[in-house]
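The following exercises are meant to be worked through with the coordinates open beside the text. Each one sets a task and then gives a solution in steps.

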Amino acid sequence: MKIATFNINGIKARLPALLDWLDEAQPDVALLQEIKSVDEAFPREPFEERGYNLETHGQKSFNGVAILSKLPLEDVTRGLPGDDEDEQARWIEATVVGKQALRICGLYLPNGNPAPGPKYDYKLAWMARLEARARELLAAEEPALMAGDYNIIPQDEDAARPETWKDDALALPASRAAFRRILNLGFTEAFRARTRGPGHYSFWDYQAGAWTRDDGIRIDHFLLTPQAADLLIDCRIERELRGHEKPSDHVPVWVELDL
DNA sequence: ATGTCGGCATTGTGCCGA
């Protein structure tokens, strides 16, 4: 089973490029972030025509997550538990029904800039709620994954120019520590389970020729429960897509699972 | 090189978020 996470930066702006990618890459499951659309305005037809089941959790203008799946989706839930006041659409879960069930969580973690400040406080509070949900997933002792735009540069080697990110919410020590606290519960970061060393990025800013200069960061991640890690065949970043026509500023990250 | 997008309110362009 091939599963991708992809921050598309707007479904309306990205629709042609997204459909081209789907036709070419044929993911079984795709977790989308930053759909920037309410559910009612999401263009469902081209995805359903291609045989995808579609579950969205959107809001006006910002954020928004979705799941595409060629296999049936069950037990869909929307919103990260732990704060009934939180209106931001950043979390969706579903069970992919195949030979063996797989629980998938799609997430768009808050950016958090500027730090310090209320946006950074929200990021850290959101990560504490994420940790709580992560503990529950582990306790279930079943194949499950949490994937998406984490807005976390885990280590300096995950940035082309780490010094420029030193005071940024994506790389501050408290951000990295919160990410590690979740990892250290017992998750496998799929990309680092397969590939070591610098030079691997999933995001290049639209500004300042970042793509041309390969000035990227790795912020889109797959975290696997032990039972999902047992099934891991490969994890890769589809870097080439950043050079295509009208790209997102992120590229897809893939896992292949033995399912 | 203070360099780009996308969405929105709005109708020509400025603001926000990233």
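**Exercise 1. Determine how strand 3 pairs with strand 4 (residues 65-69), and place the pair in its sheet.**

Solution. Strand 3 is joined to strand 4 by five bridges, and the two run antiparallel; strands here are DSSP runs (E, at least two residues), helices are runs of H or I with at least four residues, and both are numbered from the N terminus. Two strands pair if DSSP finds at least two bridges between them. As a check on the register, Asn 53 stands opposite Ser 69 in strand 4.

The model is a predicted one, in which local features need pLDDT of at least 70 and side-chain atom pairs count only at pLDDT 80 or more, while totals for chains, interfaces and linings use all residues. Residues are numbered from 1 along each chain as its sequence is written, with chains lettered from A and ligands numbered from 1 in the order in which they are written.

The next step is the sheet itself, which is open, has six strands in the order 3-4-2-1-14-13, and shows mixed pairing. Strand 3 (53-57) and strand 13 (232-237) stand at its edges with a single partner strand each, so one side of each is left without a neighbour in the sheet. Neighbouring strands of this sheet are turned by 15° against each other on average, direction ignored.

**Exercise 2. Describe the two partners of strand 1 (residues 2-7) named here, strand 14 and strand 2, and decide how enclosed strand 1 is.**

Solution. Four bridges connect strand 1 to strand 14 (residues 253-257) in an antiparallel arrangement, where Thr 5 has Val 253 as its bridge partner. Strand 2 (residues 29-33) runs parallel to strand 1 and is joined to it by five bridges, and here Phe 6 has Leu 32 as its bridge partner. Finally, five of the six residues of strand 1 are buried, so strand 1 is largely enclosed by the rest of the structure; a residue is buried if 20 or more other C-beta atoms, placed from the backbone, lie within 10 Å of its own, exposed if 12 or fewer do, and partly exposed in between.

**Exercise 3. Classify the packing of helix 3 (residues 118-139) against helix 4 (residues 173-183).**

Solution. The helices pack at an angle of about 10°, with their axes 9 Å apart; axes are lines fitted to C-alpha atoms over the stretch in contact, and angles run from 0 to 180 degrees between N-to-C directions. Helix 3 and helix 4 are therefore roughly parallel to each other, the term for angles under 35 degrees. In the contact (C-beta atoms within 7 Å), Leu 124, Met 127, Leu 130, Glu 131 and Ala 134 of helix 3 meet Ala 174, Ala 178, Arg 181 and Ile 182 of helix 4. These residues divide into seven nonpolar, no polar and two charged.

**Exercise 4. Is Ala 115 buried, exposed or partly exposed, and which residues does Ala 115 touch?**

Solution. Ala 115 lies in the loop between strand 7 (102-108) and helix 3. With 19 other C-beta atoms within 10 Å, Ala 115 is partly exposed. Leaving out residues up to four places away in sequence, Ala 115 touches Tyr 120, Ala 169 and Leu 172. The C-alpha atoms of Ala 115 and Asp 168 are separated by 6.7 Å, although these residues are 53 residues apart along the chain.

Methods: Parallel < 35°, antiparallel > 145°, perpendicular 65-115°, else oblique. Contact = placed C-beta atoms within 7 Å. Nonpolar A, V, L, I, M, F, W, Y, C, P; charged D, E, K, R; others polar.
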